[in-house]
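Dear colleague,

I am passing on the structure below, and after it I set out what I found. Please read the notes with the coordinates open beside them.

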Amino acid sequence: MFYVYIIESEEGKYYTGSTNDISKRIEQHNSNKFRCWTNRYSNWTLVYSESFETRSEAIKRENEIKKMKGGVQFKKLVGS
């Protein structure tokens, strides 16, 4: 399985990504071991996820979510 996920930082920032292991990926975001935009913020928590059978489906959905960022549809996904 592959997943699209949205995480929220302690500072209220959101990040959308895709992975085949959500728990491991969130741990990586919080570890600051990888060069990533998320290193600027702290204490990332999962606020939304969807599962897909293929990586390409997950990436397609990730891109759809990124296009709606900040809009009404995005706020519904994250419960804002």
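In this predicted model, the 13 residues of helix 2 (residues 55–67) should span 18 Å at 1.5 Å a residue, and the end C-alpha atoms of helix 2 are 19 Å apart, which agrees with that expectation. Ala58, Arg61, Glu62 and Ile65 of helix 2 are buried, and because these residues cover an arc of only 110 degrees around the axis, they lie on the same side of helix 2. Ser56, Lys60 and Lys67, on the other side of helix 2, are exposed. As for what covers the buried residues of helix 2, the list includes strand 1, strand 2, strand 3 and helix 3 (72–78).

The three strands just named belong together, in an open sheet with the order 2-1-3 and antiparallel pairing. Strand 2 and strand 3 stand at the edges, and since each has a single partner strand, one side of each is left without a neighbour in the sheet. From one strand to the next the twist averages 15 degrees. Helix 2 packs on this sheet, where it touches strand 1, strand 2 and strand 3, and its direction makes about 30 degrees with that of strand 1.

Strand 1 (residues 2–8) has five buried residues out of seven, so strand 1 is largely enclosed by the rest of the structure; a residue is called buried here when its relative accessible area is under 20%. On one flank, seven bridges join strand 1 to strand 3 (residues 45–52), the two running antiparallel, while strand 1 and strand 2 (residues 14–19) pair in the antiparallel sense over six bridges. Tyr3 can serve as a point of reference when you trace the pairing, for its bridge partner in strand 3 is Ser51, and in strand 2 Tyr3 stands opposite Thr19. Further along, Ile6 has Thr16 as its bridge partner in strand 2. Strand 1 and strand 2 also form a hairpin, with five residues between them, and Gly12 in the turn has a positive phi of about 90 degrees.

Ser9 is found in the loop between strand 1 and strand 2, and at 5% relative accessibility Ser9 counts as buried. Which residues is Ser9 in contact with, leaving aside its neighbours within four places in sequence? They are Tyr41, Ser42, Asn43 and Trp44.

Two of those contacts lead on to the aromatic residues, for which the count comes to six aromatic pairs. Trp37 and Tyr41 form a tilted pair, with 5.2 Å centre to centre and 50 degrees between the planes. Tyr41 and Trp44 form an edge-to-face pair, at 6.4 Å centre to centre and with 85 degrees between the planes. Trp37, with a relative accessible area of 31%, is partly exposed, and Tyr41, at 21% relative accessibility, also counts as partly exposed, whereas Trp44, at 4% relative accessibility, counts as buried. Since buried means under 20% relative accessible area, the value of 21% for Tyr41 places it among the partly exposed residues. Ring pairs link Tyr5, Tyr15, Trp37, Tyr41 and Trp44 into a cluster.

Helix 1 (residues 22–31) remains to be described; it lies across strand 1, strand 2 and strand 3, running at about 35 degrees to strand 1. Ile22, Arg25, Ile26 and His29 are the residues listed as buried in helix 1, and because they cover an arc of only 100 degrees around the axis, they are on the same side of helix 1. On the other side of helix 1, Ser23 and Glu27 are exposed. The cover over the buried residues of helix 1 includes strand 1, strand 2 and strand 3.

Kind regards

Methods:
Residues are numbered from 1 along each chain as its sequence is written. This is a predicted model: local features need pLDDT of at least 70, side-chain atom pairs count only at pLDDT 80 or more; totals for chains, interfaces and linings use all residues. Side-chain values use heavy atoms; hydrogens and water are left out. Buried means under 20% relative accessible area, exposed over 50%, partly exposed in between (1.4 Å probe, protein chains only). Helices (H or I, at least four residues) and strands (E, at least two) are DSSP runs, numbered from the N terminus. Two strands pair if DSSP finds at least two bridges between them. The expected span of a helix is 1.5 Å times one less than its number of residues. The arc is that of the directions from the helix axis to the C-beta atoms. Contact means heavy atoms within 4.5 Å. Rings of Phe, Tyr and Trp (its six-membered ring) pair if their centres lie within 6.5 Å; planes under 30 degrees apart count as stacked, over 60 as edge-to-face and the rest as tilted. Axes are lines fitted to C-alpha atoms, for helices over the stretch in contact, and angles run from 0 to 180 degrees between N-to-C directions.
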